[in-house]
Amino acid sequence: MIEMKVFGLALDEESQVPVLILKDSEEKNVLPIWIGAMEAMAISLALNDVELPRPMTHDLLLTMIHKLDAHVVAVNVTELTEGTYYAEIEVEVEGGIRRIDSRPSDAIALALRAKAPILVAEMVIEQVANESKEASVVAFSSDDADKWTELLEKFDPNDTKYKM
């Protein structure tokens, strides 16, 4: 497993789908993961240390884990099959480590809140590298990070119809 950090969020210019970008510490390996808009927002909130008056789903999950006297050890991106990434959340509980199946976006949103490492299987990185050599390069605009920051700066939880 290779430890990676969230480098940022971008928008796929062609599909307008958010892309989570992971990089290793040496920036030799880059892993793009296409995710949903809500998951991108959850990750962006954690990256920007935005605290809301009410807990969002990932905050609730982390609180539940802590209330059960457990903690998140790491999240692992374990597999890439037919264009779908698979991940596991490693939780240490009394009696050992439990691995919980998860979408990578949810696992990473939780890892950011828990300050837990994000690990990616070497075979996933190799598979992505091999497939990217065969496919066309996806271009991201340079101001995608600014778009997410601007969106968060405009976000006011008091302006929503339903309180969070």
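**View 1. L11 of β1 faces P18 of β2 across the first hairpin.** L11 stands opposite P18 in β2. The model is predicted; local features need pLDDT of at least 70, side-chain atom pairs count only at pLDDT 80 or more, and totals for chains, interfaces and linings use all residues. Residues are numbered from 1 along each chain as its sequence is written, and side-chain values use heavy atoms, with hydrogens and water left out. Strand β1 covers residues 2–11 and runs antiparallel to β2, joined to it by 7 bridges. Strands pair here if DSSP finds at least two bridges between them. Helices (H or I, at least four residues) and strands (E, at least two) are DSSP runs, numbered from the N terminus. The β1–β2 hairpin leaves 6 residues between its strands. In that turn, Q16 has a positive phi of about 60°.

**View 2. Strand β2 is enclosed.** What share of β2 is buried? For residues 18–24, 7 of the 7 are buried, so the strand is largely enclosed by the rest of the structure. Buried means under 20% relative accessible area, exposed over 50%, and partly exposed in between (1.4 Å probe, protein chains only). P18, L20, L22 and D24 point one way from β2. V19, I21 and K23 point the other way, and they too are buried.

**View 3. L22 of β2 bridges to L31 of β3.** In β3, L31 is the bridge partner of L22. Strand β3 spans residues 30–34 and pairs with β2 in the antiparallel sense over 5 bridges. The two strands form a hairpin with 5 residues between them. E27 lies in this turn and has a positive phi of about 55°.

**View 4. K23 caps the ring of F7.** The charged end of K23 sits over the ring of F7, 3.7 Å from its centre. A charge sits over a ring if NZ of Lys or CZ of Arg is within 6 Å of the ring centre and within 35 degrees of the ring normal. K23 is one of the buried residues of β2. How many aromatic pairs does a search of the whole structure find? The search finds 0. To pair, rings of Phe, Tyr and Trp (its six-membered ring) need centres within 6.5 Å; planes under 30 degrees apart count as stacked, over 60 as edge-to-face and the rest as tilted.

**View 5. I108 lies in the largest nonpolar core.** This core has 34 residues. Those with the most contacts inside it are L20, L22, L31, Y85, I108, V120 and V124. The largest share of the core, 5 residues, comes from helix α3 (residues 104–114). A nonpolar core is a set of buried Ala, Val, Leu, Ile, Met, Phe, Trp, Tyr and Cys residues joined through side-chain atoms within 4.5 Å. Which residues does I108 touch, not counting those up to four places away in sequence? They are V6, L20, L22, I43, V75 and I118. Contact means heavy atoms within 4.5 Å.

**View 6. R113 is a buried residue of α3.** R113 is found in helix α3. At 16% relative accessibility, it counts as buried. Leaving aside neighbours within four places in sequence, R113 is in contact with A42, L45, A46, H58, D59 and L62. Helix α3 is mostly covered, with 9 of its 11 residues buried. Among them are P104, S105 and D106. Just after α3, K115 takes a positive phi of about 55°.

**View 7. Helix α1 is covered, and D49 follows it.** In α1, 8 of the 11 residues are buried. These are E39, A40, M41, A42, I43, S44, L45 and A46. D49 comes after α1 and has a positive phi, near 50°. Its place is in the loop between α1 (37–47) and α2 (57–67). Is D49 buried or exposed? At 61% relative accessibility, D49 counts as exposed.

**View 8. D69 sits in the loop between α2 and β4.** Strand β4 covers 71–81, and D69 is found in the loop before it. D69 is not a glycine, yet its phi is positive, about 55°. Its relative accessible area is 70%, so D69 is exposed.

**View 9. The whole chain has 5 helices and 7 strands.** From the N terminus on, the elements run β-β-β-α-α-β-β-β-α-β-α-α. Of the 164 residues, 40% count as buried. Among contacts with a separation of 6 or more, residues 24 or more positions apart account for 53%. The protein chain exposes about 10,100 Å², by the Shrake-Rupley method with a 1.4 Å probe. Carbon and sulfur atoms supply 52% of that area.
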